[in-house]
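Me: I have this one open in the viewer and don't want the whole tour. Could you pick a single part, go through it closely, and then tell me what sits around it?

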Amino acid sequence: MSNTKLRKTLEKLSSISMSAKDSKSKKYISLAHHLNEELLKDCYYNLARNKAVGIDKVSWQEYEKDLDKNLQSLVERLKKKKFKPLPSKRVYIPKGNGETRPLGISTIENKIVESGIRRILESIYESDFLNCSYGFRPKRNAHQALNEIDTIIMTQRVNYIVEADIKGFFDNVNHDMLMEFIKLRVKDSSLLLLIEKFLKAGYVDNNLLVKTDKGTPQGSILSPLLANIFLHYVLDSWFATTAKQHVRGFCELVRYADDFVIMVQYQNEAVRIKKALENRFNRFELTLHPDKTKIFSFGRFERGNSKNQNRKANTFDFLGFTHFCDISINGYFKVGRKTAMKKFRAKIKELNIWLKQIRNLVPTKEWWQILKAKLRGHFEYFGVSGNSPSINQFYRLAIKLVHKWLNRRSQKKSMSWSKLYNYLALYPLPKPKIKHNFYTLSHKVVRYIEEPYEGNLQVRFCEGRSASPYFINKEG
């Protein structure tokens, strides 16, 4: 029976999704009742089972001992509007540059209800969100965002990048403005009240309760979706319907959560966009970081221009990668990527600390499996086209660290390099491998057209895959 009820609930959410796609102005007045026992149980079983516990100290396993009764009580409190989210437990995690990032650890019931709300809101907003948004969305990920940037720069008239950083975004989202955005689609007072409760639940830091009057709960399941809703209206839709309409030449936005870059054809238009962004965010009580928001030249002319101007070619970091202007083996322009040095050092430092701590706690054969998982995860994310040198270097340094800490398990050094290589032959670690191929564009020249570009004679030609023009210097 419960499976039948869950299937019906999911079918209703699917129906909401289809209707939201058909009508972008439709408002939904009856949503909270979908937070029933069947949906919440499904949400519970989709939670990670070994995460840290919240302030109630109830783990996933402990909650399961009387799951049906716990969920009945939870649903009853939701129906009577007596459910009150508990504050999250504030912890601080290292960022890799000596600074720390605050993170909230929610209670198990908070996570269950947040998961249910997220499913309901996603059924509405997934059809509203634009293609430029990639972060924390179903069937979308960072590699798709990276590939999109690669394709845009390679196939469009991109000569400048507007790199922007929203100062303390998750800590400064205005609650009233966020709720007004949500009310454009949601008119269910019960669900709106529940969302407001989560926003204002606060957190416990060093045994002190801190109330929150702005910002989205960092580390919560619901926070990324709320952030996407806010930035959908503040940035994405505004850029698509207003900013782009007043820009001469090409421009495009790619956003992953609160990180985004804008690729532009003309420098003066990039300056206008930057100014418009500052005004737009100020209107919604957000600030662009003055030192991290900048305009710089980038694209197929950058290598030649930097050489002529006797300076280093510009690069930019996005999603853990440094993007730079490179040349293929055939002499064509391409976008190069490598693991950002800041991220690389942080990952090596993290691995070093972990090996130091784990080497004497459990037998080698046990932590060896965890090491394999760590390396697989690193290569899965950073194994993108052009990044072989970085992931190979990471592998070599990982082996050196393993050798170092295996020899510091006692006063006597017992692990020679030959012994380690023999051990690796028996119990191999994952090898670096490119997992994501971005170099899929053809380089067949279709036609040449000479035209002036900002005072210099250039040659335009079209690639085989796309009708969009490529540009190179005439000397090239």
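Reply:
**One sheet and its surroundings**

Counting contacts in the protein between residues at least 6 apart in sequence, 68% join residues at least 24 apart. Keep in mind that this is a predicted model. The protein has 476 residues, of which 47% count as buried, and 16 helices and 14 strands. Its C-alpha atoms fill a box of roughly 75 × 70 × 45 Å along the principal axes.

The part I'd zoom in on is an open sheet of four strands, ordered β6-β7-β3-β8, with antiparallel pairing. β6 and β8 are the edge strands, each pairing on one side only. On average, neighbouring strands here are turned by 20 degrees against each other, direction ignored. As a reminder, strands of a sheet pair through backbone hydrogen bonds, either parallel or antiparallel.

Let's walk across from the β6 edge. β6 covers residues 251-256 and runs antiparallel to β7, with six bridges joining the two. To find the register, put Glu 252 on screen: its bridge partner in β7 is Met 263. Leu 253 is matched with Ile 262 in β7. β6 and β7 make a hairpin with two residues between them, and Ala 257 in that turn has a positive phi of about 55 degrees.

Next comes β7, residues 259-264. Five of its six residues are buried, so β7 is largely enclosed by the rest of the structure. β3 (residues 160-165) pairs with β7 over six bridges, again in the antiparallel sense. Two pairs help you line them up: Glu 163 stands opposite Val 261, and Asp 165 stands opposite Asp 259.

How many residues of β3 are buried? Five of the six, so β3 too is largely enclosed by the rest of the structure. From there, four antiparallel bridges connect β3 to β8, residues 294-297. Val 162 has Ile 295 in β8 as its bridge partner, and with β8 you are at the other edge strand.

Now for the helices on this sheet. α6 packs on it, touching β3, β6 and β7, and its direction makes about 165 degrees with that of β6. Helix α11 (residues 267-283) packs on the sheet as well, touching β3, β6, β7 and β8, with its direction at about 150 degrees to that of β7.

α6 is worth following a bit further. This helix, residues 142-155, also lies across β9, β10 and β11, running at about 155 degrees to β11. Those three strands form an open sheet of their own, in the order β9-β10-β11 with antiparallel pairing. Its edge strands are β9 (316-318) and β11 (333-339), each pairing on one side only. The twist from one strand to the next averages 40 degrees. β10, residues 321-327, runs antiparallel to β11, joined by seven bridges, and Asp 326 stands opposite Lys 334 in β11. So much for the strands that α6 touches in the one sheet and lies across in the other.

Go back along the chain from α6 and you reach the loop between α5 and α6, where Arg 137 lies. Is Arg 137 buried or exposed? Its relative accessible area is 8%, under the 20% cut-off, so Arg 137 counts as buried. Leaving aside neighbours within four places in sequence, Arg 137 is in contact with Glu 126, Phe 129, Leu 130 and Asn 228. The C-alpha atom of Arg 137 is also 8.5 Å from that of Glu 122, though the two are 15 residues apart along the chain.

α5 leads on to the second largest pocket, which holds about 610 Å³ of space. Of the 29 residues lining this pocket, Leu 47, Lys 51, Lys 111, Gly 219 and Ile 221 are closest to its centre. The elements giving two or more residues to the lining are β2 (100-105), α5 (108-125) and α10 (223-243). α5 supplies the largest share, seven residues. By class, the lining is made up of 14 nonpolar, nine polar and six charged residues.

If you want one view to save, colour the sheet in its order β6-β7-β3-β8, then show α6 and α11 packing on it.

Notes:
Residues numbered from 1 in each chain as written. Predicted model: local features only at pLDDT ≥ 70, side-chain atom pairs only at ≥ 80, totals over all residues. Heavy atoms only, no water. 1 Å grid on protein atoms, 1.4 Å probe; cavity = no way out; pocket = protein on both sides within 12 Å on 5 of 7 lines; lining within 4 Å. Points joined across faces, edges and corners; volume = space filled by probe spheres on them. Nonpolar A, V, L, I, M, F, W, Y, C, P; charged D, E, K, R; others polar. Pairing = 2+ DSSP bridges. Axes fitted to C-alpha atoms, helices over the stretch in contact; angles between N-to-C directions. Contact = heavy atoms within 4.5 Å. Buried < 20%, exposed > 50% of the residue type's maximum accessible area, 1.4 Å probe, protein only.
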